[in-house]
Amino acid sequence: MVTFTHEFKTDSFQGKTSFPTGLFIDGEWREGGDKTTIDVVNPTTGKVLTSIPEATPKDVDIAVKAAQKAFDTVWGLNASGAQRAELLMKLAQLMEKHADELSAIEAIDNGKTFTWAKNVDIAFSIQTIKYYAGWADKISGQTIETDEKKLIYTRHEPIGVVGQIIPWNFPLLMFSWKIAPALATGNTIVLKHIERVARLVGSRVVRPHMGLPAFVLAPERRRAGSKGLNRWECAVVVRLQYCSFLRECTRCAQWVCASDARMRCCPPNLPPLTALRMTSLIKEAGFPPGVVNVLVGYGPTVGQAISEHMDIQKVAFTGSTLVGRKIMAAAASSNLKNVTLELGGKSPNIIFDDADLEQAVNWAAHGIFWNHGQACCAGSRIFVQEGIYDKFLQMFTERTKNINVGDPFSPGVDQGPQVSQLQYDRIMGYIESGKKDGATVHVGGNRHGTEGYFIEPTIFTNTTPEMKIVKEEIFGPVGVVIKFKDEADVLRQANDTVYGLAAAVFSQNINRALETAHKLQAGTAWVNCVNQLHANVPFGGFKQSGIGRELGEYALHNYTNVKAVHVNLGHRM
Ligand SMILES: NC(=O)C1=CN([C@@H]2O[C@H](COP(=O)(O)OP(=O)(O)OC[C@H]3O[C@@H](n4cnc5c(N)ncnc54)[C@H](O)[C@@H]3O)[C@@H](O)[C@H]2O)C=CC1
Ligand code: BAL
């Protein structure tokens, strides 16, 4: 059995962790079908932390069989709500017991600060598991009166084996958001952790024979030609189309330039360790084998296998809008499995001239820089009314310059590294595109330090609506500050996006604030705050930000089938 062992000797946490990292199937850890491994990197240093077994589509089949057996025998309709609640509660208690250790793993693996990991990721994960433990024995249908000779009632039954595909930005939290409602309602799970290596992977590698940067492109991007691609990506496509060394990786389906020995396919950059630590806690809590199965593998192989599996009845996904489309397509072309998607965003944050300015500045900084900007709901477009624009910008600049970037384990640090070389390159690419398009880098815009994946908190001004940095999700500490005239102007600009995940409005006039909040096309609208999430409250997107809702009572609907039972009490044929 492969084990990850690490001794933490940091300012925030001293202690040892040691846990198995294999594929967790039917209550045991094992190697993947091809006996291959994936490297895991510490984003603070860029160095490999450990290697973990890689799952393959064959392992998905094995996991689905284990999950189906568990559903038919020990879970599903065979475990009472009270039993499910008790196990979820035990899991939450174990997480509380190991909260510091989980926070330290999250910090070393993902780069988020120990303090934020503990206060947000771990605390919110525990809150979520407890919240759904509370629901487990309260899930029931209705009786529906039609006539006196009939008894009609509904049952909310578990769906069966569900697939869950999660990303890397909130590893433990996304794990908890997914498993808790599914288990509370009696489903069994095959969960895939780890990001796909990405669409523009491979980072920037200078190919000596041409002196040009080589990138790795996913097939769909290559085939897409220039339509729908921005100029920068397009240029890359054109360069690589003529590269005779281009090869498709058989493991992750990426295109790699085989001429450069330094180019690694499947580059290491993934934070799956807290989810793997959780498999030990799930076992210790006493969940029967097969109820939760966790695989670490690539999106185009394992994620795709889950999305198109004929015996998986539902798939829940968090990640990019591009992959969300693929999952829906795979579900449609296989068994029409039920799909929920939590996708990207480009959330507006609106500051009216009657806002409490100091508060608005603090919240705006939290809105865009929280989790290093790696949040789907990040307030990345900051709209400021013209009368207070200059004052706001001055205060926001000061606030941004005071953000302490550094080692995630150092007390007082606000922002650690981006999660991976890949995301670092992607964000720096956006910063470059903003500069090239003529926007002003008001603050930041550079690498921070010399090792790891640190980026300075960055603010752009003087943007125009068609710029990539204004339209696309950057997923990094990069915000744009935009001036607006009045309500009509800001609503038009704020809603001018394909996304609709979240929005915020700052004003001390409650009528103005609520009227604006109601007109914003977003699944969540915050008034005088940003990035507020709670286990009891639904979260999800309008437009291309997603389908369905996670959290709250709403998420239970994702995991139950409604059955209507008609009982004849006297009608005769
Ligand atoms: N809504 C959110 O919370 C998130 C949004 N994103 C957005 O996506 C961008 C790219 O990040 P990525 O990690 O590349 O996102 P992604 O959407 O490629 O990856 C998310 C998950 O989907 C899986 N996946 C990839 N291809 C798949 C396929 N064909 N079938 C099934 N599963 C597949 C990945 O392995 C990973 O587990 C980010 O820069 C950000 O803009 C990324 C992560 C989370
Ligand atoms: N995807 C869940 C929360 C977030 O990224 O903001």
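This is a short tour of a predicted model, with a suggestion at each stop for what to select next.

**The whole chain**

Start with everything shown as a cartoon. The protein has 17 helices and 25 strands. Of its 573 residues, 52% count as buried. Now consider the contacts with a separation of 6 or more: residues 24 or more positions apart account for 71% of them.

**The largest nonpolar core**

Next, select Ala67, Leu88, Ile129, Tyr132, Val190, Leu295 and Val315. These are the residues with the most contacts inside the largest nonpolar core, which has 94 residues. Which helix gives the most to this core? Colour residues 114-135 to see the answer: helix α4 supplies 11 residues.

Stay with Val315 for a moment and show its surroundings. Leaving aside neighbours within four places in sequence, Val315 is in contact with Gly163, Ile165, Ile306, Ser307, Ile327, Ala331, Lys337 and Val339.

There is also a second, separate core, this one of 56 residues. To find it, select Ala360, Ile368, Trp370 and Ile427, which are among its members.

**Helices α3 and α4**

Return to α4 and add α3, residues 99-110. Two packed helices are described by the angle between their axes and the distance between those axes. Here the angle is about 120°, and the axes of α3 and α4 are 8 Å apart. Is the crossing left-handed or right-handed? For α3 and α4 it is right-handed.

Now show side chains where the two helices meet. From α3, pick Ala99, Asp100, Leu102, Ser103, Ala104, Glu106 and Ala107; from α4, pick Phe114, Ala117, Lys118, Asp121 and Ile122. By class, this contact has seven nonpolar, one polar and four charged residues.

**Phe287, in a loop**

Move to Phe287, in the loop between α8 (273-285) and β14 (292-296). Why does Phe287 count as buried? Because it has 26 C-beta neighbours inside 10 Å, and 20 or more are enough for that label.

Add Leu87 and draw a C-alpha to C-alpha distance. Phe287 and Leu87 are 200 residues apart in sequence, yet 6.5 Å apart in space. Beyond four places in sequence, the contacts of Phe287 are Leu87, Ile282 and Val292.

**Gly299, in helix α9**

A little further along the chain, select Gly299, which is found in helix α9 (residues 299-307). Gly299 has 26 C-beta neighbours inside 10 Å, so this residue counts as buried. For a long view, draw a line from its C-alpha atom to that of Gln493: the two residues are 194 apart along the chain, and the atoms are separated by 34 Å.

**Around ligand 2**

Now centre the view on ligand 2. Which residues surround ligand 2? Select Asn169, Phe170, Thr318, Glu342, Ala375, Cys376 and Cys377 to display the shell. By class, the shell divides into four nonpolar, two polar and one charged.

**Last stop: Ala378**

Finish at Ala378, in the loop between α11 (357-369) and β18 (381-385). With 31 C-beta neighbours inside 10 Å, Ala378 counts as buried.

Show its partners too. Not counting residues up to four places away in sequence, Ala378 touches Ser347, Gly367, Ile368 and Gly373. Of these, Ile368 is included in the second core visited earlier. Ser347 deserves a distance line as well: Ala378 and Ser347 are 31 residues apart in sequence and 6.1 Å apart in space, C-alpha to C-alpha.

Notes: Residues numbered from 1 in each chain as written. Chains lettered and ligands numbered in written order. Predicted model: local features only at pLDDT ≥ 70, side-chain atom pairs only at ≥ 80, totals over all residues. Helix = DSSP H or I, 4+ residues; strand = E, 2+ residues; numbered from the N terminus. Buried ≥ 20, exposed ≤ 12 C-beta atoms within 10 Å, placed from the backbone. Contact = placed C-beta atoms within 7 Å. Near = placed C-beta within 6 Å. Nonpolar A, V, L, I, M, F, W, Y, C, P; charged D, E, K, R; others polar. Core = buried A, V, L, I, M, F, W, Y, C linked by C-beta atoms within 7 Å. Axes fitted to C-alpha atoms, helices over the stretch in contact; angles between N-to-C directions. Left-handed = near helix turned anticlockwise from the far one by under 90°.
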